[in-house]
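User: I've got a fold open on my screen and would like to talk it through. Can you take my questions as they come?

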Amino acid sequence: AAAQITIGTGTMGGFHKIIRFGISDAAIVATARTFIGISSNTAAATNVEPSTLLNSVGVGHGAADTNFKIFYGGSTAQTPIDLGANFPSNTSNTDVYELGLFSSPSEDNIIHWEFRRLNTGHVASGTIVGNGGIILPANSTLLTYAQNWRSNNATAAVVALDIMSDYIETDS
């Protein structure tokens with residue numbers, strides 16, 4: 001739970017992160033919430049909508065979502081990028097996902113992302129360009145490389161998130 005990485009500044013910082021995961025609820029919790037990614041928050045997660053997270057970048061779903069979205073924001077949470085029906089969040093013990101995040105030290109305030117559904121071959125990718133810490137965390141903000149959680153949204157049901165691998169490489 002330590003903040004150790006930064007977004008590229010144009011001359012330093014940057015990282016490459018790849019994480020594989022799956023949802024393994026005994027029975028899918030329809031209103032569950034999930035977030036997998038990086039964040040300035042190093043504390044244990046609480047039951048919040050991922051769309052409200054600040055200084056964070058990752059993939060997840062909110063209580064009303066049936067598919068995954070890219071969530072991001074600096075000092076202001078941004079509108080999530082909907083990944084569509086090829087990336088369902090309401091399956092259990094079925095799908096394996098892989099999130100890749102890359103921020104080059106030679107690019108200022110840019111994160112490239114790729115999300116894969118490994119068991120079907122579906123892929124979505126894109127680039128998020130920040131500006132002064134509003135759209136993305138400021139390049140001087142330290143981020144934890146693992147802010148991963150799943151919440152049952154106050155139901156009595158058990159939820160489970162399986163992290164299969166988590167790789168992080170800093171560029172400088």
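Analyst: Sure, here are some questions and answers on this predicted model.

User: Let's start broad. What pattern does the protein follow along the sequence?

Analyst: The protein has zero helices and eleven strands. Reading along the sequence, you get the pattern β-β-β-β-β-β-β-β-β-β-β.

User: And what is the radius of gyration of the protein?

Analyst: The C-alpha atoms fill a box of roughly 45 × 30 × 25 Å along the principal axes. For 172 residues the globule rule gives 16 Å, and the protein comes close to that, so it is as compact as a globular protein of that length. The radius of gyration is 15 Å.

User: What share of the contacts with a separation of 6 or more comes from residues 24 or more positions apart?

Analyst: Some background on packing helps here. Buried residues make up 45% of the 172 residues. As for the contacts with a separation of 6 or more, the share from residues 24 or more positions apart is 63%.

User: How far apart do the centres of the positive and negative side chains lie?

Analyst: First, the surface: the accessible area comes to about 7,400 Å², with 52% of it belonging to carbon and sulfur atoms. The protein carries 7 positive and 13 negative side chains. The centres of those two sets lie apart by 7 Å.

User: How many salt bridges are there?

Analyst: The cut-off to keep in mind is a side-chain nitrogen of Lys or Arg within 4 Å of a carboxyl oxygen of Asp or Glu. Lys69 and Asp65 are one such pair, with their closest N and O atoms 3.1 Å apart; both Lys69 and Asp65 are buried. By this rule the count of salt bridges is seven.

User: Glu98 and Arg20 pair up as well. How many residues apart are they?

Analyst: Their side chains meet in a salt bridge at 2.7 Å, N to O. Glu98 is in strand S7 (residues 97-103) and Arg20 in strand S2 (residues 15-23), so the pair links distant parts of the chain, with a separation of 78 residues.

User: Is Glu98 buried or exposed?

Analyst: The cut-off for buried is under 20% relative accessible area. Arg20, its partner, has 34% and counts as partly exposed. Glu98 has 14%, so Glu98 counts as buried.

User: What does Glu49 form a salt bridge with?

Analyst: Look for a partner whose closest N and O atoms are 2.7 Å apart from those of Glu49. Glu49 lies in the loop between strand S3 (33-39) and strand S4 (56-61) and its partner in strand S3, so the pair ties together parts that are 16 residues apart in sequence. Glu49 is partly exposed at 24% relative accessibility, while the partner is buried at 11%. That partner is Arg33.

User: Where is Asn93, and what is its phi?

Analyst: Asn93 is found in the loop between strand S6 (81-82) and S7. With a relative accessible area of 60%, which is over the 50% cut-off, Asn93 is exposed. Most residues other than glycine have a negative phi. Asn93 is not a glycine, yet its phi is positive, at about 55°.

User: What about the phi of Ala154?

Analyst: Ala154 is in the loop between S10 and strand S11 (161-170), and at 72% relative accessibility Ala154 counts as exposed. Ala154 is not a glycine either, and its positive phi is about 70°.

User: How far apart in space are Ser140 and Ile7?

Analyst: Ser140 is found in the loop between strand S9 (122-129) and strand S10 (143-151). It is exposed, with a relative accessible area of 62%. Ser140 and Ile7 are 133 residues apart in sequence, but C-alpha to C-alpha the distance is 7.6 Å.

User: Last one. What separates the C-alpha atoms of Ile128 and Lys17?

Analyst: Ile128 lies in strand S9 and has a relative accessible area of 4%, so Ile128 is buried. Leaving out residues up to four places away in sequence, Ile128 touches several side by side in space, including Ile70, Tyr72, Trp113 and Leu136. Lys17 is 111 residues away along the chain, and the C-alpha separation is 15 Å.

How values were computed
Residues are numbered from 1 along each chain as its sequence is written. This is a predicted model: local features need pLDDT of at least 70, side-chain atom pairs count only at pLDDT 80 or more; totals for chains, interfaces and linings use all residues. Side-chain values use heavy atoms; hydrogens and water are left out. Helices (H or I, at least four residues) and strands (E, at least two) are DSSP runs, numbered from the N terminus. Buried means under 20% relative accessible area, exposed over 50%, partly exposed in between (1.4 Å probe, protein chains only). The radius of gyration is taken over C-alpha atoms; the globule rule is 2.2 Å times the number of residues to the power 0.38. Contact means heavy atoms within 4.5 Å. Accessible areas come from the Shrake-Rupley method with a 1.4 Å probe; for residues, only the protein chains shown count as cover. Lys and Arg count as positive and Asp and Glu as negative; His and the chain ends are not counted. The place of a charge is taken as NZ of Lys, CZ of Arg, CG of Asp or CD of Glu.
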